[in-house]
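Let's take a walk through this structure together, one piece at a time. Keep the viewer open as you read, and turn the model whenever a new element comes up.

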Amino acid sequence: MDKEKIGKDNDESYINRNMTWEEKMAQTIISSRRPVNRPIITRCLYGSQGLPSFAEGSPYLVPENVQIFIRAIRDDINLLSIHPAKKIFRSIDPLEKYPIPESCTPYVDANSLGYYIKNVLPLVFVRTRKGDLLLDSRVAIKYLRENKDRFSDVLDKIEIWARKIFRPDVYDDLRERHHNLLCDIVQPYTSFTDFHISIRAGLWIHTPPGISTVIGPPLNQKGRLSIINGSIETDWHHFELFVVSEIPEFDQQVLIIEPDTVIAQLYFVSRFNNENAEIRFSKEHHSAEPFYAEIWNKMGTRLVNEGKGKTIERKGIASINIGCPHCFVSVTNAAEGELSDTHILRRGFNPAYKIIQHKYHSLFNNKKSYDNTYTLKKI
Amino acid sequence: MTPSIRNFPHWVKPVDHPVIVRTCQSTTSGMSFESASPHLVGNYRDIFLNLLRKDVSLFNIERAKPIFRRVPKNGEIIAPESCTPYVDANSLGYYIKNVLPLVFVRTRKGEVLPDARVAVKYMRENSLDFKDELELIEHYAERIFSSNLFLDYKKRYPLLFSDVSQPYAAFSNVHMAMRLGFYVMTPLGVSTILGPAINQQKILPVHSGLMESEWYHSELFCVFDCPDFKERTLIIKPDTVIAQLYFVAKSSQETTEIIFSESDLGADPLYRARSMEVGVDQLRSGVKPIISKTTGIKSISVACPHCWVSVTAAAENGVPDDHVHIHDFYKGYKALRIEYREALKKKINLNNQLLIKK
């Protein structure tokens with residue numbers, strides 16, 4: 001124990017002797033980091049200005065009523081909620097033809113990568129009578145209130161949703177006296193540039209060394225906003241994150257994105273690996289690592305022979321292929337004439353990827369050993 | 001060797017950094033570019049294969065770029081490229097670029113042909129309708145053949161050495177797939193995601209797919225929705241960024257912890273303190289923040305007393321020309337990143353020196 005300590009002291013003094021004061025200070029900051037071996041997402045009640053984050057959603061918050069707002073707001077919420085991303089995000093029509101995208105493992109694995117980021121309150125965008133878009137949530141809600149005769153439906157909805165961020169007992173008590181303060185509140189956003197808005201997330205993230213956090217549009221989904229991708233080095237940047245979106249386009253005077261909509265997706269990328277990949281070329285490999293190809297091909301053949309694969313049949317224009325002598329003679333005649341019902345192109349799909357994935361994961365059924373190995377390798 | 005590595009099945013080759021292996025042969029033992037030509041019958045196949053270069057893969061792989069467009073110089077507008085996380089996302093991993101033109105063709109009935117070879121053959125059969133397209137394909141064909149004999153062979157077999165395009169095939173009525181001509185091996189816990197180019201306009205509606213490339217060491221392919229186009233043809237020229245590939249820390253997604261803090265002011269307290277110090281230092285030393293000025297409707301803010309009185313009047317009657325809202329972005333993220341990286345580098349160097357001393 002003592003020997004270890006002496007060794008450590010010697011190393012530190014050696015390091016310190018060779019550093020400038022800026023480096024020493026940076027070293028102090030880095031050494032003071034709590035080491036993490038897995039990502040930690042910290043949801044925060046407060047924003048960097050020291051006020052509850054949702055304060056930025058209200059145009060009526062002034063120094064005189066800040067304490068009322070603080071008393072009323074729930075102490076367990078942050079600006080954007082975070083949920084594990086889902087493999088399947090749509091309801092699938094049972095009559096939809098195979099292969100549906102959800103039958104593809106890499107597709108659903110991409111869908112479920114990381115976390116969804118959802119708005120807690122409605123995101124409300126408003127155009128003036130002249131058609132100009134207001135680029136700040138507080139300005140937008142104040143405009144609605146100033147023109148309440150025209151927007152009473154919208155304001156009613158906002159009021160109902162606003163309730164969820166307040167303590168029920170305090171809310172009921174204060175609602176009448178401070179109606180606008182507690183009812184006219186929406187998901188905060190502000191203009192970022194002439195073409196972009198930013199939406200604060202109310203959370204910060206700490207990742208292991210070399211791991212960055214990407215915030216971008218939901219994977220394989222058509223999001224309600226056009227989110228810009230950002231990659232943040234959260235192994236050292238431990239500050240509130242925000243989501244950047246293009247200014248939305250819409251025809252009506254008001255666009256409401258209801259609460260709990262998937263706004264963005266957050267996941268972790270391996271920065272060191274992205275910076276250190278090696279590209280090789282092989283004349284011999286049949287587009288696969290030879291050992292892997294051997295097993296893969298054997299398995300695929302056996303699965304098909306045992307009827308464990310799926311075959312899809314395609315007719316009409318989709319069945320035209322160069323391997324068919326009839327099509328080869330004239331693709332034009334095949335494509336523009338009448339193809340018989342018996343002109344079918346069959347394609348087989350086998351579940352080899354799923355089976356190997358399952359087997360591979362089961363090798364690490366002792367999860368702790370898997371995590372430790374991962375941590376060891378990373379550090 | 002760690003216990004888990006020992007557990008690996010024999011067909012998994014462990015690596016300590018990502019390795020992308022480009023190949024010229026396909027998993028079905030043929031040459032990858034065979035599926036680029038509709039004319040490979042009889043001995044034409046052998047002639048084609050003899051001249052095919054053995055150093056090309058179906059797609060080229062290039063390091064993704066932080067800035068992929070000419071950034072307009074306008075002092076008033078902040079370009080997204082001034083945002084470090086934006087350019088860092090742009091430059092994640094690698095671009096996947098087509099070697100030959102990608103050609104999609106509609107028949108006279110308006111239907112999109114399901115296969116690259118079928119499309120090229122259709123155009124050849126209707127060469128009067130597709131003169132320009134066939135010339136373009138012919139122009140790029142040389143890329144995949146050995147240059148010393150190409151012209152001789154082209155004279156003898158003009159169509160064989162002209163009619164080649166980037167291979168793709170439909171695998172459902174709404175989806176198509178392209179083989180990529182490479183496979184990827186990644187370290188334990190790291191997977192490969194292949195999807196549309198980050199922050200760029202989509203050339204093709206590419207789906208995102210996550211491959212567990214720590215064990216899946218076979219050719220990747222790219223899936224996309226059948227393209228929507230109005231003309232008879234859609235041609236995507238060679239060297240276009242079709243997709244982007246990068247590495248995700250898959251095991252990190254599975255072990256993440258989410259906690260709640262009533263006290264943190266949107267940041268880790270130590271980090272916040274240092275970040276503010278850096279901001280103050282930058283101000284003192286005259287480092288100018290990036291300033292964005294908004295005017296007109298974009299300058300309306302509830303923090304402005306004039307606007308607060310009536311947002312409606314400000315928005316609809318107009319604001320004076322000198323009503324400017326200033327957003328300043330200080331360069332703390334960039335500065336702290338340099339600090340962090342230099343400290344890490346220093347630490348690594350010192351560790352190496354200590355190792356040598358020992």
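**A guided tour of the two chains**

A good place to set foot is A:Asp260, which sits in the loop between S11 and strand S12 (262-270) of chain A. Please keep in mind throughout that this is a predicted model. Look at the backbone here: A:Asp260 is not a glycine, yet its phi is positive, about 70°. That is worth a pause, because most residues other than glycine have a negative phi. Is A:Asp260 buried or partly exposed? It has 16 C-beta neighbours inside 10 Å, so it counts as partly exposed.

Now move over to chain B and find B:Asp239, in the loop between strand S11 (233-236) and S12 of chain B. B:Asp239 is likewise a residue other than glycine with a positive phi, near 70°. Its surroundings hold 14 C-beta neighbours inside 10 Å, and therefore B:Asp239 counts as partly exposed.

From the loop in chain A, step back to strand S11 (residues 254-257) of chain A, which pairs with S4(A) in the antiparallel sense over 4 bridges. To find the register, look for A:Leu123, which stands opposite A:Ile257 in S11(A). Strand S4 (residues 123-126) of chain A sends its side chains two ways: A:Leu123 and A:Phe125 point one way, A:Val124 and A:Val126 point the other way, and all of them are buried.

Let's zoom out to chain A as a whole. Its secondary structure comes to 14 helices and 15 strands, and of its 379 residues, 41% are buried. Among contacts in chain A between residues at least 6 apart in sequence, 75% join residues at least 24 apart.

How is each chain divided? For chain A, the domain assignment gives domain 1 (42-275) and domain 2 (290-378). The C-alpha centres of these two domains of chain A lie 40 Å apart. Where they meet, 6 residues of domain 1 of chain A are in contact with 7 residues of domain 2 of chain A. The domain 1 side of that contact has 4 nonpolar, 2 polar and no charged residues.

Chain B is divided into domain 1 (3-254) and domain 2 (269-357). The C-alpha centres of domain 1 of chain B and domain 2 of chain B are separated by 40 Å. This contact takes 4 residues from domain 1 of chain B and 6 residues from domain 2 of chain B. On the domain 1 side of chain B, the classes are 1 nonpolar, 2 polar and 1 charged.

While you are in chain B, look for an open sheet of 3 strands with antiparallel pairing, in the order S5-S6-S10. Strand S5 (169-170) and strand S10 (221-225) of chain B are at the edges with a single partner strand each, so one side of each has no neighbour in the sheet. Strand S6 (residues 175-179) of chain B runs antiparallel to S10(B), joined to it by 5 bridges. One of the pairs to click on is B:Arg179 with its bridge partner B:Phe221 in S10(B).

Next comes the place where the chains meet. How many residues does each chain bring to the contact? Chain A gives 120 residues and chain B gives 120 residues. On the chain B side, the largest share, 10 residues, comes from helix H11 (residues 332-357) of chain B. That side of chain B divides into 55 nonpolar, 39 polar and 26 charged residues.

Strands also pair across the two chains. Strand S13 (residues 278-282) of chain A runs parallel to strand S1 (residues 19-23) of chain B, with 5 bridges joining them. Within this pair, A:Ile279 has B:Ile20 as its bridge partner in S1(B). A second meeting point is an open sheet of 3 strands with mixed pairing, in the order S7(A)-S1(A)-S13(B). Its edge strands are strand S7 (203-206) of chain A and strand S13 (257-265) of chain B. Strand S1 (residues 40-46) of chain A runs parallel to S13(B) over 6 bridges, and A:Thr42 has B:Ile259 as its bridge partner there.

We finish inside the largest nonpolar core, which has 169 residues. Those with the most contacts inside it are A:Ile117, A:Leu134, A:Val243 and B:Ala119. The largest share of this core, 8 residues, comes from strand S12 (residues 241-249) of chain B.

Notes: Residues are numbered from 1 along each chain as its sequence is written. Chains are lettered from A and ligands numbered from 1 in the order in which they are written. This is a predicted model: local features need pLDDT of at least 70, side-chain atom pairs count only at pLDDT 80 or more; totals for chains, interfaces and linings use all residues. Domain bounds come from an automatic or database domain assignment. Two residues are in contact if their C-beta atoms, placed from the backbone, lie within 7 Å. Ala, Val, Leu, Ile, Met, Phe, Trp, Tyr, Cys and Pro count as nonpolar, Asp, Glu, Lys and Arg as charged, and the others, Gly among them, as polar. Two strands pair if DSSP finds at least two bridges between them. A nonpolar core is a set of buried Ala, Val, Leu, Ile, Met, Phe, Trp, Tyr and Cys residues joined through C-beta atoms within 7 Å. A residue is buried if 20 or more other C-beta atoms lie within 10 Å of its own, exposed if 12 or fewer, and partly exposed in between; C-beta atoms are placed from the backbone.
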